[in-house]
Amino acid sequence: MAVCIAVIAKENYPLYIRSSPTENELKFHYMVHTSLDVVDEKISAMGKALVDQRELYLGLLYPTEDYKMFRKLHNSYTDVMCNPFYNPGDRIQSRAFDNMVTSMMIQVC
């Protein structure tokens, strides 16, 4: 069940966060930022010492049966990135992307 969807920039900050139950929105924002900190710590540890490359594997981040949902999200994200009026690194404020995320959350919940 998708209750929160976040799109992260390559510089490790959120471009888009949307959560379904709005009463827990702060909790999901906290989870996203905490997850970003974990990834950042793993990457920075690589620069300090020779760390085994397998150490960076975080595990399976989503169930494999949800692949189609993530493919739909990725295709919509690609459409946002291909928009000539979008500046990479800015917050995603696309109405079409937002509608697609909303439909995914309604469909799953």
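Here is a short walk through the structure above, taken a few residues at a time. Keep in mind that you're looking at a predicted model.

Let's start with strand 2, which covers residues 14–19. Ser19 belongs to this strand. Is Ser19 buried or exposed? Its relative accessible area is 8%, and the limit for buried is anything under 20%, so Ser19 counts as buried. Who does Ser19 touch, once we set aside residues up to four places away in sequence? The list is Val3, Cys4, Glu25, Phe28 and Met105.

One of those partners, Cys4, gives us a good reason to look at the cysteines. Cys4 has a relative accessible area of 23%, so it falls in the partly exposed group, between 20% and 50%. Cys82 comes out at 58%, and because that is over 50%, Cys82 is called exposed. You may know that a disulfide is a covalent bond joining the sulfur atoms of two cysteines. How many disulfides turn up when the whole structure is searched? The search comes back with zero.

Now back to strand 2 for a different kind of link. The model has one salt bridge, and it pairs Arg18 with Asp98. Their closest N and O atoms sit 2.7 Å apart. This pair ties together distant parts of the chain, since Arg18 is in strand 2 while Asp98 is in helix 3 (residues 95–108), 80 residues away. Both partners can be reached from outside to some extent: Arg18 is partly exposed at 27% relative accessibility, and Asp98 is partly exposed too, at 26%.

Next, find the loop between helix 2 (67–82) and helix 3, where you'll spot Gly89. With a relative accessible area of 31%, Gly89 is partly exposed. Try tracing the chain from Gly89 to Ala9: the two are 80 residues apart along it, yet their C-alpha atoms are separated by 6.5 Å. Leaving out neighbours within four places in sequence, Gly89 is in contact with Tyr13 and Leu15.

Our last stop is an empty space. Rolling a probe the size of a water molecule over the atoms reveals where such space is left. The second largest pocket has a volume of about 160 Å³. Which residues line this second largest pocket? They are Asp79, Val80, Asn83, Phe85, Tyr86, Asn87, Asp90, Arg91, Ile92, Gln93 and Ser94. Sorted by class, that lining is a mix of four nonpolar, four polar and three charged residues.

Note on methods: Residues are numbered from 1 along each chain as its sequence is written. This is a predicted model: local features need pLDDT of at least 70, side-chain atom pairs count only at pLDDT 80 or more; totals for chains, interfaces and linings use all residues. Side-chain values use heavy atoms; hydrogens and water are left out. On a 1 Å grid over the protein atoms alone, a cavity is a set of points where a 1.4 Å probe fits but cannot get out, and a pocket is an open set with protein on both sides within 12 Å along at least five of seven lines; lining residues have an atom within 4 Å of a point. Grid points are joined across faces, edges and corners, and a volume is the space filled by probe spheres set on the points. Ala, Val, Leu, Ile, Met, Phe, Trp, Tyr, Cys and Pro count as nonpolar, Asp, Glu, Lys and Arg as charged, and the others, Gly among them, as polar. A disulfide is a pair of cysteine sulfur atoms within 2.5 Å. Buried means under 20% relative accessible area, exposed over 50%, partly exposed in between (1.4 Å probe, protein chains only). Helices (H or I, at least four residues) and strands (E, at least two) are DSSP runs, numbered from the N terminus. Contact means heavy atoms within 4.5 Å. A salt bridge is a side-chain nitrogen of Lys or Arg within 4 Å of a carboxyl oxygen of Asp or Glu.
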